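Grab a pencil and have a look at the model below. Try each exercise yourself before you read its solution.

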Amino acid sequence: MKKEKVTQLKFQESHGEAVVIDEKIDKKNKKNIKKENKRSEKMLNKQEKKAKAQLKKEQKIQKKQQEKLEKEKYKINYFKKLEILKKINKERKEKEKQEAIEYEKSISSIYKKRKIAPWLRIDNAGTIYPPAKRRHWNFVYRITAVTINKVNYETLVKAVEEILPRFPSFNVCLKKGLFWNYFERAPRKLQVIKDTDFPCTPFDLSDTNANLIRVIYDDYKIAFECFHALSDGRGALVFLNALLNKYFILTGEHIEPCDAILNSKDMPTSEELEDSFLKYVNNDKTKRPKERRAYKIKGNNLEPGVVNSIVAELSVSKLKKIAEAHNCSLTALLAAALGYVIYKKKKTGKKPVRISVPIDLRTRFASKTLRNFSSYINVDVEGENLTLEDCIQIFKDNFAKINNDYLQANINANVKLQTNFFIKIIPRVLKSLILKNAFNIWGEDYQTLAFSNLGVVKAPKEFEKLIDRYEVNLGKSGYNTKSVGLISFCDKLVITFSSNIEENETERDYFMLLAKLGAEVKIHSNRRDIYGTL
Amino acid sequence: MAHYRKCSHCNVDVSSDLSNCPLCGKYVLNDEKNEEIEKNKYSFPIYSFNEIYRAKWVNIIRTLFWIAGAICLIINLIFKTKPYYFPYVITALVMISAVFVTPFSKKQSYVKNITKSSVIISLFLIFIDAYDYFTMGTTFGWALSYSAPMILSATVLAAAIICIVSRRHEVDMIKSVGWFTIYSVIYFLVVLFAFPELALWPSLVFMSVATGWFLLLQVIKRNLLWKELRKNLHI
């Protein structure tokens with residue numbers, strides 16, 4: 001037993017030591033392991049970091065390479081695109097050149113066949129318009145036909161191509177001579193353009209090859225814009241109706257030929273191209289009455305190029321009834337109402353409200369010209385406490401004055417200056433300066449606004465089913481703030497106000513007055529960006 | 001068919017594409033009925049203002065251009081120099097505007113403006129020549145007798161070559177040569193009688209070149225030349 005105990009004790013001792021030793025070893029080992037672990041961790045971390053760094057580097061390199069590749073690709077694409085664009089441009093230019101050459105050939109052969117002069121002198125009334133131009137203005141007006149069916153662009157282009165040689169006085173550009181400006185056949189093909197700009201945008205008169213007319217289309221509109229030196233409203237209306245006639249025929253409509261429409265296959269006559277002022281001038285000396293400066297409607301100017309147009313649609317039959325009730329003509333009623341409204345608005349000042357009403361001379365002098373042949377009468381609305389009836393009476397009296405003697409005096413006075421030899425030989429540059437200043441001083445300064453009534457449109461009966469209405473827009477005035485254009489077709493009379501200023505009290509008061517008189521007024525505005533957008 | 005809404009204030013019917021009456025500005029839609037603007041068949045398009053903004057910027061740049069000239073003039077009048085330098089600046093601005101800026105802003109061809117441009121440049125040089133003579137007493141005539149006729153002769157040559165080579169500019173260039181011929185004769189006579197002390201041979205060269213080319217074109221393109229002259233000189 002003792003031996004066993006002793007051995008047990010020895011064993012315990014030895015074992016205890018061993019345990020202690022083992023523990024120590026374990027600790028050391030653990031430490032070592034920890035150290036190793038730490039080392040390995042560090043190593044791993046380092047390796048990882050290195051790997052990461054390498055990866056990053058590689059990624060960066062890859063990115064750079066990719067970017068380079070992309071850039072190269074982009075460059076290649078860019079150059080390819082450029083090449084393609086250049087090719088397209090070249091092809092387009094070549095096409096345009098070929099088209100232009102073909103157009104030139106075809107039109108010059110037509111002109112030769114029809115014996116049309118390749119250039120025209122500007123008519124007597126038209127000479128003032130090129131020098132009167134300003135930086136953002138020249139005298140352009142627009143006549144629009146609002147169609148019932150949607151407009152087909154391709155057909156319209158065809159119609160324009162076919163109709164244009166019939167009207168050589170419209171297919172022209174403005175050239176500058178030593179003594180006078182003149183018109184020459186336009187070398188460029190007339191483009192039919194979409195209605196995207198404000199109405200009556202000025203023509204670039206410095207471009208001596210540019211057309212001086214525009215054919216504009218929209219979904220349901222065909223519009224014709226014309227520089228006033230080419231023709232007046234009546235002449236332009238003949239062109240537009242001939243164009244519409246051709247267009248409708250090309251769309252498959254049957255339209256009976258009528259006197260009001262010129263056939264595109266007819267030869268242009270010398271009567272259509274003549275300057276009727278020179279034809280009807282005589283030596284009678286009748287003095288025109290001296291005029292004072294007129295009252296001006298003032299307001300805040302719109303940005304150059306912007307025109308506010310308010311279009312009103314009225315019933316002709318109802319207006320006629322109102323006019324009959326006032327014992328006057330329709331034009332007298334509408335002009336008097338306008339004069340009355342402006343007169344009421346005018347608070348102070350001695351200057352009279354003067355409405356300038358153009359007069360078509362074709363009917364009175366049996367002229368068939370498609371160029372300018374119109375005169376005007378300026379009607380003063382002045383007096384104390386005038387009523388609408390007084391204004392109507394003023395207009396009636398003034399319109400009664402219009403007879404052939406009065407108009408002859410106007411023609412003679414207009415032509416007298418142009419036919420003077422000393423004026424003829426003044427170089428154009430000086431003449432332009434004089435005419436420009438004359439227009440500034442004596443032109444629009446003697447009128448408050450222009451009130452142009454184109455009257456009833458003479459068109460074939462078939463047009464009644466194809467056209468809803470016509471509109472006349474006189475565009476911006478040079479110096480006046482507003483202008484008014486009227487035209488009627490079937491039972492629709494359309495009054496268009498064009499304004500250079502933001503204020504529209506005149507329009508508001510005018511249409512409110514017409515509504516008060518019993519007319520039904522339907523209002524449209526070209527400023528959908530202000531009065532309502534979709 | 002077009003639809004309309006009543007404006008109770010003006011007693012007129014307003015087109016359905018408008019939310020406000022264009023005469024009085026009153027709101028014409030009925031919110032209780034949830035009315036909305038309808039594009040009617042005959043609506044006006046919403047116009048593009050791009051051209052208007054472009055014109056506005058051109059105006060601003062043009063104004064700045066002239067303001068620069070005005071500032072130069074004012075500064076020169078305050079801080080006086082002998083001679084005044086503002087005439088150089090202003091005439092240069094006029095020349096740059098007429099020769100480079102205006103054709104660019106109006107998208108015109110520089111070839112077409114070759115006559116006008118060369119005449120303006122020659123006048124500009126003659127002005128500098130005269131100004132230097134009157135203010136600093138330099139010898140007069142370097143521009144009048146040498147530079148201007150040389151520039152003009154070169155332009156005549158260019159115009160005549162373009163006229164023969166290019167069909168596109170044929171008419172314009174033939175006109176240019178015609179104008180230059182008239183101008184060269186006047187120029188020569190002015191130098192001959194008004195400035196007899198100056199060298200005459202460059203003006204003579206100018207006149208000879210212009211008239212020579214005119215006569216050559218008269219042979220080559222006689223019909224065109226006379227047609228153009230008849231149109232340009234009609235009284």
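The exercises below go from the interface to the sheets and then to two backbone details.

This is a predicted model, where local features need pLDDT of at least 70, side-chain atom pairs count only at pLDDT 80 or more, and totals for chains, interfaces and linings use all residues. Residues are numbered from 1 along each chain as its sequence is written, chains are lettered from A and ligands numbered from 1 in the order in which they are written, and side-chain values use heavy atoms, with hydrogens and water left out.

**Exercise 1.** Work out how many residues each chain brings to the contact between chain A and chain B, and what area is buried there.

Step 1: Look for contact, meaning heavy atoms within 4.5 Å. Chain A supplies 61 residues and chain B supplies 46 residues.

Step 2: Turn to area. The size of an interface is often given as the accessible area lost when the parts come together. Here that is the area (1.4 Å probe) lost by the two parts, summed over both. The result is about 5000 Å², with 59% of it from carbon and sulfur atoms.

**Exercise 2.** Find the salt bridges and polar contacts that link chain A with chain B.

Step 1: Side chains of opposite charge can pair when their charged atoms come close. The rule asks for a side-chain nitrogen of Lys or Arg within 4 Å of a carboxyl oxygen of Asp or Glu. The structure holds 34 such salt bridges over all chains, and three of them are between chain A and chain B.

Step 2: Take one of them: Lys231(B) and Glu184(A), at 2.1 Å from N to O. Lys231(B) sits in helix α7 (residues 222-232) of chain B and Glu184(A) in strand β4 of chain A, so this pair joins two chains. (Helices, H or I with at least four residues, and strands, E with at least two, are DSSP runs numbered from the N terminus.)

Step 3: Now polar contacts (N or O atoms within 3.5 Å; within protein, one must be able to donate a hydrogen and the other to accept it, and residues adjacent in sequence count only if both atoms are side-chain atoms). The interface has 18 residue pairs of this kind, both residues at pLDDT 80 or more.

Step 4: Which helix of chain A gives the largest share of the side that touches chain B? That is α14 (residues 505-517), with five residues.

**Exercise 3.** Trace the open sheet of nine strands and find where chain A meets chain B in it.

Step 1: Strands pair if DSSP finds at least two bridges between them. The order is β10(A)-β9(A)-β11(A)-β13(A)-β14(A)-β8(A)-β15(A)-β2(B)-β1(B), with mixed pairing.

Step 2: At the edges are β10 (374-381) of chain A and β1 (4-7) of chain B, each paired on one side only.

Step 3: The chains meet where β15 (residues 522-525) of chain A runs parallel to β2 (residues 12-15) of chain B, over two bridges. Lys522(A) is opposite Asp13(B), and Ile523(A) is opposite Val14(B).

**Exercise 4.** Describe the open sheet of three strands in chain A.

Step 1: The order is β1-β4-β3, and the pairing is antiparallel.

Step 2: β1 (119-121) and β3 (172-176) each have a single partner strand, so one side of each lacks a neighbour in the sheet.

Step 3: β3(A) and β4 (residues 181-185) of chain A are joined by five bridges; Leu174(A) has Phe183(A) as its bridge partner.

**Exercise 5.** Locate two backbone details, at Pro83(B) and Cys200(A).

Step 1: Most residues other than glycine have a negative phi, and most peptide bonds are trans.

Step 2: From Lys82(B) to Pro83(B) the peptide bond is cis, with omega near -5°. Pro83(B) belongs to the loop between α1 (50-78) and α2 (86-105) of chain B.

Step 3: Cys200(A), though not a glycine, has a positive phi of about 60°. Cys200(A) is in the loop between β5 (192-194) and β6 (213-218) of chain A.
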